[in-house]
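Hi everyone, thanks for making time this morning. I'd like to walk you through a structure, a few spots at a time, and you can follow along on the screen.

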Amino acid sequence: MGNRHELWELRQMQSLPLEVKIEKSRLRIREFYEHFNGKVTVSFSGGKDSTVLLHLVRSIYPEVGAVFSDTGLEFIEIKEFVKTIENVTWVRPDMSFRQVIEKYGYPVVSKEQADLIERVRNGATGKKIRQALTGLNEDGSPTKYKISEQWKYLLSAPFKISCQCCKITKKMPMDSFYKESGTFPYIGTMACESMLRQTSWLQTGCNVFDGNKISSKPLSFWMEDDIWKYINIFDVPYCKIYKPEFGGYLRTGCVFCMFGVHLEEQPNRFQKLQKTHPKLWRYCMRDWEDGGLGLRQVLDYMGVPYENYML
């Protein structure tokens, strides 16, 4: 199931020069490829991280395919870019984002917080729920698996909250593809992106060869700057949405996702969206009853700005 690591090991690897990181990542890629006799596929989102991963994998194994989940939540620029890449299979979820939030709820704060809030509001019980509400383990020591005091007011929010969106629109169609194709995934996530991804690396390392979470995450110990350095050094084509003249977005995940927006400096992702993609912005802010996604109500409740007053 992989090897457990200490935090100091991750910090040490994150501080390595890029050329060393590249070689270590190539080693992880080869180990995974050889273990599964080439039955591998790159999970490709069209974003910069998975673009670098795909370039790195194909620099060793040019024949390796990629799979893209067309969730309906991507920037049109992302879809246009993905279409320029050879040997990419497109998959689609069974539910739209609107159907997901209607049934389960809105993705707010973070996956961890949304999951705990959803569980408590749905009446779940048990050890994890007690930890979530009290912030304490059974022996009285502090736990990180808790609903932050900052977000406990969301337990009474007039709208549903959930972390199900990623699972339904991305994970499930991807899982179906891997099961049907008999291949195993390379994934371009990095430990620096969230506590959840850091914890995952500490528990398993980059490559997991057995169990129910088989995958290779060879960029796990890279940092954001490493991605851009790699792109510049190897002249890797990437989606234009990152470029200043097309919005200069720092992230290109699901357009309507609210995870982490409260941490962004202004203009945040929705304020930028109003300027760069006004039709999309109006759709996501329009009231639910009028056919929109109702994000205005959610962001107002959380005190997060969403209008760009510089327009």
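Let me start with a question: what covers the buried residues of helix 9? In this predicted model, the cover includes helix 1, residues 7-14, and strand 6, residues 207-208. Helix 9 itself runs over residues 195-204, and its buried residues are Gln-198, Thr-199, Trp-201, Leu-202 and Thr-204. Just after helix 9 comes Gly-205, with a positive phi of about 75°.

Let's stay with helix 1 for a moment, since Gln-12 sits there. Gln-12 counts as partly exposed, at 48% relative accessibility. Gln-12 also has a partner from far along the chain: Phe-221 is 209 residues away in sequence, yet the two C-alpha atoms are 9.1 Å apart in space.

Now, what does the record say? The UniProt entry, which is unreviewed, carries the annotation "domain: Phosphoadenosine phosphosulphate reductase", and the annotation covers residues 40-136 and 149-257. For residues 40-136, the C-alpha atoms at the two ends lie 41 Å apart, and the span is 47% helix and 15% strand. For residues 149-257, the end C-alpha atoms are 22 Å apart, with 36% helix and 6% strand.

Next, two helix pairs. Please find helix 2, residues 18-35, and helix 3, residues 48-60. Their axes are 10 Å apart, and the helices pack at an angle of about 70°. That angle is why helix 2 counts as roughly perpendicular to helix 3. The crossing of helix 2 and helix 3 is right-handed. Which residues meet there? From helix 2 we have Ile-22, Ser-25, Arg-26, Ile-29 and Arg-30, and they meet Leu-56, Val-57, Ser-59 and Ile-60 of helix 3. Sorted by type, the residues of this contact are five nonpolar, two polar and two charged. If you look at the spacing of the numbers, a bit of helix geometry is handy: an α-helix has 3.6 residues a turn, so residues three or four places apart point the same way.

The second pair is helix 6, residues 111-121, with helix 7, residues 127-134. Their axes come within 10 Å and cross at roughly 110°. Helix 6 is therefore roughly perpendicular to helix 7. This crossing, of helix 6 and helix 7, is left-handed. Helix 6 brings Asp-115, Leu-116, Arg-119 and Val-120 to the contact, and helix 7 brings Lys-128, Ile-129, Ala-132 and Leu-133. How do those residues divide by type? There are five nonpolar, three charged and no polar residues in the contact of helix 6 with helix 7.

While we have helix 6 on screen, look at Glu-118, which lies in that helix. Is Glu-118 buried or exposed? Its relative accessibility is 9%, so Glu-118 counts as buried, the cut-off being under 20%. And what is Glu-118 in contact with, leaving aside its neighbours within four places in sequence? The answer is Tyr-104, Ile-161, Ser-162, Cys-163 and Gln-164. Leu-154 is another one to locate: Leu-154 and Glu-118 are 36 residues apart in sequence and 9.8 Å apart in space, C-alpha to C-alpha.

Finally, let's visit the loops. Asn-87 is in the loop between helix 4, residues 76-82, and strand 3, residues 88-91. Asn-87 is not a glycine, but has a positive phi of about 60°. Asn-87 is partly exposed, with a relative accessible area of 46%. Asp-235 also has a positive phi without being glycine, near 50°. You'll find Asp-235 in the loop between helix 10, residues 224-234, and strand 8, and at 66% relative accessibility Asp-235 counts as exposed.

The last stop is the loop between strand 8, residues 258-259, and helix 11, residues 269-276, where Pro-267 lies. A cis peptide bond joins Gln-266 and Pro-267, with omega at about 0°. Leu-263 is in the loop between strand 8 and helix 11 too, and counts as exposed at 68% relative accessibility. Where does Leu-263 sit relative to Val-109? The two are 154 residues apart in sequence, and their C-alpha atoms are 8.9 Å apart in space.

That's my tour. I'm happy to go back to any of these spots.

How values were computed:
Residues are numbered from 1 along each chain as its sequence is written. This is a predicted model: local features need pLDDT of at least 70, side-chain atom pairs count only at pLDDT 80 or more; totals for chains, interfaces and linings use all residues. Side-chain values use heavy atoms; hydrogens and water are left out. Buried means under 20% relative accessible area, exposed over 50%, partly exposed in between (1.4 Å probe, protein chains only). Helices (H or I, at least four residues) and strands (E, at least two) are DSSP runs, numbered from the N terminus. Contact means heavy atoms within 4.5 Å. UniProt positions are given in the numbering used here, feature names are shortened, and annotations may be inferred rather than shown by experiment. Axes are lines fitted to C-alpha atoms, for helices over the stretch in contact, and angles run from 0 to 180 degrees between N-to-C directions. Angles under 35 degrees count as roughly parallel, over 145 as roughly antiparallel, 65 to 115 as roughly perpendicular and the rest as oblique. A crossing is left-handed if the near helix is turned anticlockwise from the far one by less than a right angle, and right-handed if clockwise. Ala, Val, Leu, Ile, Met, Phe, Trp, Tyr, Cys and Pro count as nonpolar, Asp, Glu, Lys and Arg as charged, and the others, Gly among them, as polar.
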